[in-house]
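Work through the exercises below with the sequence and the coordinates at hand. Each task is followed by a solution in steps.

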Amino acid sequence: MSSANHKLPGNQSNIDEFILLGFTNFNLKIQSFLFPLFLFIYIFTILGNFTIITVATLDSLLHTPMYYFLRNLSFLEMCYITVTLPKLLHTFVARRKTISFSACGTQMYCFFTLGVTECFLLAVMAYDRFVAICNPLRYFSVMSKSACLKMAAVSWVSGNLISLGQTASIFSLPYCGPNLINHFFCDIPPVLKLACTDVSGNEIAVSVTGFLVLPLPFALVLYSYGRIIAAITRISTSKGRKKVFSTCASHFISVTLFFGTGAFTYVRVKTSNTPDNDKLLSLLYSVVTPLLNPLIYSLRNKEVKGGLKKLVQQKVGMKETRQSINVISKNNDK
């Protein structure tokens with residue numbers, strides 16, 4: 001028995017590792033396509049979100065509440081996809097597709113923490129846009145630096161506390177076999193299926209948590225975007241209406257994708273879906289959303305593009321300056 005098992009009070013598990021099936025039950029042709037696809041998605045997501053963080057940090061013009069939350073979101077998305085995709089890629093190439101008992105609990109804790117935190121962050125970002133569009137004169141007083149820090153801190157702390165309670169409860173259950181997880185990461189529903197005891201109480205707890213951390217933030221998102229749409233209709237020029245509506249529509253699609261798939265998974269723990277369908281559904285909120293957010297929120301944003309162009313020009317200018325200095329130095333030596 002794993003030493004990690006002794007650290008969880010009440011745990012009577014006699015297994016010390018799980019086997020992650022991932023997508024290895026798909027035929028070889030599909031697997032040969034999925035590995036490079038997931039590898040590309042992971043690299044693109046990391047580079048895209050890292051670019052946003054770098055540009056928003058180095059460009060003083062982007063030191064605003066909106067980009068402060070975008071930096072938080074980008075960092076979160078980098079962590080979010082790193083929790084699952086590297087292990088998924090490992091299942092395609094490794095002979096032993098195992099994950100230790102403690103590593104499984106750690107993965108679930110990190111994934112759930114990041115997911116809950118994102119729920120709150122998306123709600124805060126929607127509120128930020130609501131204040132910016134509907135109350136522009138009061139924007140910097142309402143979204144002050146201290147207010148932004150507090151809202152971000154509450155999002156991260158809430159995510160950690162909620163996840164800690166759920167993970168500790170689930171990994172306090174006895175697991176005596178089988179140990180095959182028909183999923184690509186240690187998600188709550190497939191892990192609960194392996195417990196050697198009645199898990200109805202845990203399923204209710206997961207559903208209640210889902211009702212708290214999904215519908216409530218989403219309701220704030222709906223309220224914020226509802227007020228924004230009402231404000232858009234009062235914009236006099238069609239060009240202005242189109243610009244604001246285009247931005248808000250893309251944001252709302254991303255948010256709906258995340259909340260919708262998350263609610264279907266965690267609010268309804270027991271579903272008639274097959275494990276393969278559950279995996280595909282999980283891909284939407286754990287892989288596709290982190291991939292889309294850099295495109296939707298920032299990389300198509302003129303301010304971010306301008307900041308990125310400025311940084312590139314500065315790098316090129318510094319390189320040319322160094323080359324000129326080297327040429328001058330060589331000439332002087334002659």
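**Exercise 1. State the exposed area of the protein and how much of its chain is buried.**

Step 1. The protein exposes about 16900 Å², of which carbon and sulfur atoms supply 66%; the areas come from the Shrake-Rupley method with a 1.4 Å probe, and for residues only the protein chains shown count as cover.

Step 2. The model is predicted: local features need pLDDT of at least 70, side-chain atom pairs count only at pLDDT 80 or more, and totals for chains, interfaces and linings use all residues. Residues are numbered from 1 along each chain as its sequence is written, and side-chain values use heavy atoms, with hydrogens and water left out.

Step 3. Of the 334 residues, 46% count as buried (buried is under 20% relative accessible area, exposed over 50%, partly exposed in between; 1.4 Å probe, protein chains only).

Step 4. Take the contacts with a separation of 6 or more: residues 24 or more positions apart account for 80% of them (a contact is heavy atoms within 4.5 Å).

**Exercise 2. Count the secondary structure elements and lay out the sheet.**

Step 1. The protein has 12 helices and three strands. These are DSSP runs, helices (H or I) of at least four residues and strands (E) of at least two, numbered from the N terminus.

Step 2. The three strands form an open sheet in the order E2-E1-E3, with mixed pairing. E2 and E3 (180-181) are the edge strands, each pairing on one side only. Two strands pair if DSSP finds at least two bridges between them.

Step 3. E1 runs antiparallel to E2, and three bridges join them. E1 and E3 pair in the parallel sense over two bridges.

Step 4. Ile19 stands opposite Thr98 in E2 and opposite Leu180 in E3.

Step 5. In a regular strand the side chains alternate between the two faces of the sheet. In E1, Phe18 and Leu20 make up the covered face, and Glu17 and Ile19 the uncovered one.

Step 6. Helix H4 lies across E1, E2 and E3 and runs at about 85° to E2. Axes are lines fitted to C-alpha atoms, for helices over the stretch in contact, and angles run from 0 to 180 degrees between N-to-C directions.

**Exercise 3. Describe the largest nonpolar core and the place of Phe23.**

Step 1. The largest nonpolar core has 79 residues. Such a core is a set of buried Ala, Val, Leu, Ile, Met, Phe, Trp, Tyr and Cys residues joined through side-chain atoms within 4.5 Å.

Step 2. The residues with the most contacts inside this core are Phe18, Phe23, Phe38, Phe69, Tyr175 and Val191. H4 (residues 101-134) gives the most to the core, with 16 residues.

Step 3. Phe23 lies in the loop between E1 and helix H2 (28-58), and at 1% relative accessibility Phe23 counts as buried.

Step 4. Leaving out residues up to four places away in sequence, Phe23 touches Gln31, Leu34, Phe38, Leu88, Phe92, Phe184, Lys279, Leu280 and Leu283.

Step 5. Phe23 and Leu89 are 66 residues apart in sequence, with 9.7 Å from C-alpha to C-alpha.

**Exercise 4. Find the salt bridges and give the exposure of each partner.**

Step 1. The whole structure holds two salt bridges (a side-chain nitrogen of Lys or Arg within 4 Å of a carboxyl oxygen of Asp or Glu).

Step 2. One joins Arg96 and Glu17, at 3.1 Å from N to O. Arg96 lies in the loop between helix H3 (65-93) and E2 (98-100) and Glu17 in E1 (residues 17-20), so this pair ties together parts that are 79 residues apart in sequence.

Step 3. Arg96 is exposed at 53%, and Glu17 is partly exposed at 23%.

Step 4. Asp128 bridges to Arg129, with the closest N and O atoms 2.9 Å apart. Asp128 is buried at 2%, and Arg129 is buried at 18%.

**Exercise 5. Which residues does Glu118 contact, and is Glu118 buried or exposed?**

Step 1. Glu118 lies in H4 and is buried, with a relative accessible area of 0%.

Step 2. Neighbours within four places in sequence aside, Glu118 is in contact with Leu73, Leu76, Glu77, Tyr80, Phe258, Thr289 and Asn293.
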